[in-house]
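Colleague: Got the model open? I'd like to go through the ligand and then some helix packing.

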Amino acid sequence: MAYIEPAPIKDKENPLESMMSRFDAAARLLGITEEMYHILKVPARQVIVGLPITMDSGEIKVFEGYRVIHSNILGPAKGGIRFDPGVHLDEVRALAAWMTWKCAVVDIPYGGAKGGIACNPREMSVGEMERLMRQYTVAMLDVFGPDKDIPAPDMGTGPREMAWLMDEYSKAKGMTVNSVVTGKPLVLGGSLGRTEATGRGVTVAALSAMDKLRMNPYRTSAAIQGFGNVGMHAADLLQERGVTVQAISDISGGYYNDRGIDITAAMTYRSANNGSLEGFNGAERISNEELLSLPVDVLVPAAKEDVINQDNAASIQARMIVEGANGPTSASADEIINGKGILVVPDILANAGGVTVSYFEWVQNRIGYKWNLDRINRRADRIMKDAFDRVFETSKKYQVSMRLAAYIVAIDKVASTYKYRGGY
Ligand code: NAD
């Protein structure tokens, strides 16, 4: 198939390029037509806006904002907004496609989108950030909508920014529309359970994989790279389910204890220490690189992209990798990892618990009701477990890795929806 990206990302180890190469492989295996391949690759809508903002100094600066709807064939598009100096259209476009596959693999009725503004939040005041977010919302009034495109936080944005977006959108519509955005503060209609949702989904994915490999969680060890939102909650919940978490890490380095780290103590330490594990003494110090090659049963990369690559893949000893982060394994490492017989639960499946509970937030906003935490957790766990089983069965059917199987499940769902809807 000969698809030519208008401005290709050339770096082969780029996580987005890696994602696209797996998409290509799955599309080939599935045998979709050349026409369908093009339909799936080309985004449905791409919007670029100029945003003039009065800075605190009185100077007017113009920022560039983007929103790409990759697909809305399954339902309204869903995806975060990032504030980062490196944001550009290519990146947003690839991340939007990533969201399409992620939503399809867990079977929630959303398409994929992503947005961003090229800016540096670390150099901006709260007032400047607020003006920028509001201006971006106004510029996207005909793009966003509870039935069209529902943004969420991403790198550099959080509940505060989502509250501004909801307020600006609501003012323009003359009524409160909280379902236009997810990841809002609880008081504005945010959902219980959203904070832990991704780590919780990682745990469900890991336990499901253990079940398939007939591993007893009480006799299983884990190493978790990254002790932020995803890694910390995954560590906590895995430990709660009997797994011995032997190693954790963050940007300050790794922490190892073969008898198991007390995760509650590590979480308490981290929150009293400005979000960092630096100085945590319940374990011995190791490097982040050493953590990846520990002889544990389960490895959870939950920090950043591309940490498992062709340079270190051969040294990995874990029996399974459950990808909490987006794109932690580069495409060039896939073959080495598969060759070693390591089971990989891929990012688009393993970390989809977050978007699942975002979907619940939207559902609750639309029905004007609040579910309790127990209901949210039960429903999210079921969605994750069903998705895991679907992908596992597909990997058996096609005799491929779980990663390719996840793309096959997602592409098949989107492609058959196109076929039934027709109209082109
Ligand atoms: P976070 O900022 O809360 O935590 C990131 C953690 O990784 C921090 O502990 C940080 O110190 C650590 N870290 C950063 N660089 C590191 C390095 N080189 N080595 C070891 N540790 C390092 O972020 P998060 O929300 O937990 O997200 C982590 C990953 O999961 C990202 O790839 C993100 O895109 C992905 N993800 C997050 C969610 C979510 O709901 N938060 C959902 C899906 C995917």
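Colleague: What does the side chain of Arg-194 have 3.4 Å away?

Modeller: An oxygen atom of the ligand. The distance runs to an N or O atom in the Arg-194 side chain. Keep in mind that this is a predicted model.

Colleague: And Asn-229, side chain or backbone?

Modeller: Backbone. A polar backbone atom of Asn-229 is 2.9 Å from a ligand oxygen. With Asn-326 the side chain takes part: one of its N or O atoms is 3.1 Å from an oxygen of the ligand.

Colleague: Which residues come nearest to the ligand?

Modeller: Thr-198, Asn-229, Val-230, Ile-251 and Asn-288, out of 20 residues around the ligand.

Colleague: Switching to helices. How do H6 and H13 pack?

Modeller: H6 covers residues 194-212 and H13 covers 373-398. Their axes are 9 Å apart, at an angle of about 45°. That angle makes H6 oblique to H13. The crossing is right-handed.

Colleague: Which residues meet there?

Modeller: On the H6 side, they include Arg-200, Val-204, Ala-205 and Lys-212. On the H13 side, Asp-381, Met-384, Phe-388 and Glu-393 are among them. By class, the contact has seven nonpolar, three polar and seven charged residues.

Colleague: OK, H1 next. At what angle does H1 cross H14?

Modeller: Roughly 70°, with the axes coming within 9 Å. H1 is residues 15-30 and H14 is residues 402-421.

Colleague: Why call them roughly perpendicular?

Modeller: Because the label covers angles of 65 to 115 degrees, and theirs is roughly 70°. H1 passes H14 in a right-handed crossing.

Colleague: What's in that contact, by class?

Modeller: 11 nonpolar residues, three charged and no polar ones. From H1, Met-19, Phe-23 and Leu-30 are among those taking part. From H14, they include Leu-404, Tyr-407 and Ile-411.

Colleague: And H1 with H3, left-handed or right-handed?

Modeller: Left-handed. H3 is residues 89-105, and its axis comes within 10 Å of the H1 axis. They cross at roughly 45°, so H1 and H3 are oblique to each other.

Colleague: Who does H1 put forward there?

Modeller: Pro-15, Leu-16, Met-19, Met-20 and Phe-23. They meet H3 residues including Leu-95, Trp-98 and Trp-101. The class count is 10 nonpolar, one charged and no polar.

Notes. Residues are numbered from 1 along each chain as its sequence is written. This is a predicted model: local features need pLDDT of at least 70, side-chain atom pairs count only at pLDDT 80 or more; totals for chains, interfaces and linings use all residues. Side-chain values use heavy atoms; hydrogens and water are left out. Axes are lines fitted to C-alpha atoms, for helices over the stretch in contact, and angles run from 0 to 180 degrees between N-to-C directions. Helices (H or I, at least four residues) and strands (E, at least two) are DSSP runs, numbered from the N terminus. Angles under 35 degrees count as roughly parallel, over 145 as roughly antiparallel, 65 to 115 as roughly perpendicular and the rest as oblique. A crossing is left-handed if the near helix is turned anticlockwise from the far one by less than a right angle, and right-handed if clockwise. Contact means heavy atoms within 4.5 Å. Ala, Val, Leu, Ile, Met, Phe, Trp, Tyr, Cys and Pro count as nonpolar, Asp, Glu, Lys and Arg as charged, and the others, Gly among them, as polar. A residue is near a molecule or strand if one of its heavy atoms lies within 4 Å of it. A polar contact is a pair of N or O atoms within 3.5 Å; within protein, one must be able to donate a hydrogen and the other to accept it, and residues adjacent in sequence count only if both atoms are side-chain atoms.
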